[in-house]
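Below is a short set of questions and answers on one protein model. Each answer ends on the value or name asked for.

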Amino acid sequence: MESPLLRVADYQHVVFFTGAGVSAESGVPTYRGRGGIWKHYDYERYASQPAFERNPEEVWRFHNVRRERVAKCLPNAAHRCIAACEAHAEHVSVITQNIDGLHQRAGSNVVHELHGSLWRSRCDDCGYTATEFDAPLRDVRCPHCPAYKRPDIVWFGDALDPAVFEIATQALIRCDLLVSIGTSALVYPAAELPMLARRHGARLVEINPEPTPMSPQFDTCLRTTASAGLDRLLGAFDPS
Ligand code: OAD
C-alpha cells in the first residue's frame, strides 16, 4: 500500500473547501457536467429571486424534489474522513458550497455554508427563519405573515451572507492546509477563496477527476474521486 501524501496532524489549521463533487458518491447530482442539475433545470426559472417572485409554488416544487432526493442520500467515505480529521488536527473547518447538509450528518462540527442550506427557509417580509428537515416541506407559507417562505439558499444573483463570508475568510487566512474537493471553480466569489489561503502561505491540494481553471494554483492535484483522493492524501481513512 502506498503511504499517504501527508498527515493532518502536521498542520494546525486545516480547511476542507468542498463543492458538489464531494457528495457525488452519495448520489447527490452535481450542477454541471453529465447528469448535472443545470442541464435539466433552467436556474433562472427555479433558482433566482425573480423566479420566486413570479411563481413561488413552482420554485418550491423544484426545491421539494431536491429535498426528497437528498433526504434519501447518506454521507459517503469522503464526508466521514473529513469529519474524522477533527480528532487529529487542532482546528478543522469545512467551507462548503453545498446545501445538502451531508458534512454535518457525517459529524463535522464546523461547517460554513457559503450558499446556504436546503434545510432552512426564511421569510424576507417579517424575518422569520426556520430549520426543517421535512422532505418535502408541505407548508411553504410563513406562519407569521401572509408571505411565502423562501429557501435560505444563495440563488443566482444573490449576495453571500456577509457573516458567513467573514468567518470563512478568517478560517482561510489562518489555515496552513487547504484541501479543495469536487468543485468546478466556476462560481464566484467562492471559486477564488482558496487563493486567499494561498496568499497567506497555506499548502493547497485539489481533489477532482477533472482539471479546473484554478488547478494551476494548487501545489498538488489528485485527479480522482473525493473518497479515493482523500484515501491517497491522508491514508485509508485513518487520518492520524
Ligand atoms: P459543479 O457541478 O459545478 O462541479 C462539480 C465538480 O465536481 C466538477 O468539477 C466535477 O469534475 C467534480 N466531481 C464530479 N464527481 C466527483 C467525485 N466523485 N469526486 C470529486 N469530484 C467530483 O459544482 P460546484 O463547483 O459545487 O450554487 O458548483 C458551485 C455552485 O454552482 C453550487 O454551489 C451551486 C451551483 O450553481 C448555487 O446553487 C448557488
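Q: Where does Ser-48 lie?
A: This is a predicted model. In it, Ser-48 falls outside the helices on either side, helix 2 (43-46) and helix 3 (49-54). Its place is the loop between helix 2 and helix 3.

Q: Is Ser-48 buried or exposed?
A: Ser-48 has a relative accessible area of 6%. The limit for a buried residue is under 20%, so with 6% Ser-48 counts as buried.

Q: Which residues does Ser-48 touch, not counting residues up to four places away in sequence?
A: The side chain of Ser-48 reaches the backbone oxygen of Glu-44 at 3.2 Å, but Glu-44 is not on the list asked for here. With residues up to four places away in sequence not counted, Ser-48 touches Tyr-43, Trp-155 and Phe-156.

Q: Which of the 22 residues around the ligand come nearest?
A: The space that the ligand takes is the largest pocket. Around the ligand there are 22 residues. Those that come nearest are Tyr-31, Arg-32, Val-154, Thr-183 and Ser-184.

Q: How far is an oxygen atom of the ligand from an N or O atom in the side chain of His-115?
A: Oxygen atoms of the ligand have several polar partners. A polar backbone atom of Tyr-31 is 2.7 Å from one ligand oxygen atom, and a polar side-chain atom of Trp-38 lies 2.9 Å from a ligand oxygen atom. For the N or O atom in the side chain of His-115, the distance to an oxygen atom of the ligand is 2.7 Å.

Q: Taken alone the ligand exposes 790 Å²; what percentage of that does the protein bury?
A: The area to start from is the 790 Å² that the ligand exposes when taken alone. Of that area, the protein buries 90%.

Q: Which elements do the buried residues of helix 5 pack against?
A: Helix 5 covers residues 77-84, and Ala-78, His-79, Cys-81, Ile-82 and Ala-83 are buried in it. At the start of helix 5, a side-chain oxygen of Asn-76 comes to within 2.7 Å of the backbone nitrogen of Ala-78. The buried residues pack against strand 1 (13-18), strand 2 (91-96), helix 6 (102-106), strand 7 (177-181) and helix 9 (226-234).

Q: How far apart in space are Cys-142 and Cys-123, C-alpha to C-alpha?
A: Cys-142 sits in the loop between strand 5 (129-131) and strand 6 (150-153), and at 7% relative accessibility it counts as buried. Its contacts beyond four places in sequence include Cys-123, Cys-126 and Lys-149. Cys-142 and Cys-123 are 19 residues apart in sequence, and their C-alpha to C-alpha distance is 6.3 Å.

Q: Which side chain is joined to that of Lys-149 by a polar contact of 3.2 Å?
A: Lys-149 is in the loop between strand 5 and strand 6 and counts as buried at 5% relative accessibility. Its contacts, leaving aside neighbours within four places in sequence, include Phe-52, Trp-60, Asp-139, Cys-142 and Glu-132. The side chain that shares the 3.2 Å polar contact with Lys-149 is that of Glu-132.

Q: Which residue does a cis peptide bond join to Pro-189?
A: One cis peptide bond joins Ala-135 and Pro-136, with omega about 0°, and Pro-136 is in the loop between strand 5 and strand 6. Pro-189 is in the loop between strand 7 and helix 8 (193-199). The cis peptide bond at Pro-189 has omega of about 5°, and the residue joined to Pro-189 is Tyr-188.

Q: What is the phi of Ala-185?
A: Ala-185 is found in the loop between strand 7 and helix 8, where it counts as buried at 7% relative accessibility. Although Ala-185 is not a glycine, its phi is positive, at about 55°.

Q: What distance separates the C-alpha atoms of Val-8 and Ala-87?
A: Val-8 is in the segment before strand 1 and is buried, with a relative accessible area of 1%. Ala-87 is in the loop between helix 5 and strand 2 and counts as exposed at 66% relative accessibility. The two residues are 79 residues apart along the chain, and their C-alpha atoms are separated by 9.8 Å.

Conventions
Residues numbered from 1 in each chain as written. Predicted model: local features only at pLDDT ≥ 70, side-chain atom pairs only at ≥ 80, totals over all residues. Heavy atoms only, no water. Helix = DSSP H or I, 4+ residues; strand = E, 2+ residues; numbered from the N terminus. Buried < 20%, exposed > 50% of the residue type's maximum accessible area, 1.4 Å probe, protein only. Polar contact = N/O pair within 3.5 Å; in protein donor to acceptor, adjacent residues only side chain to side chain. Contact = heavy atoms within 4.5 Å. Near = heavy atom within 4 Å. Areas by Shrake-Rupley, 256 points an atom, 1.4 Å probe, with all protein chains shown as cover. 1 Å grid on protein atoms, 1.4 Å probe; cavity = no way out; pocket = protein on both sides within 12 Å on 5 of 7 lines; lining within 4 Å. Sits in = over half its atoms within 2 Å of the grid points.
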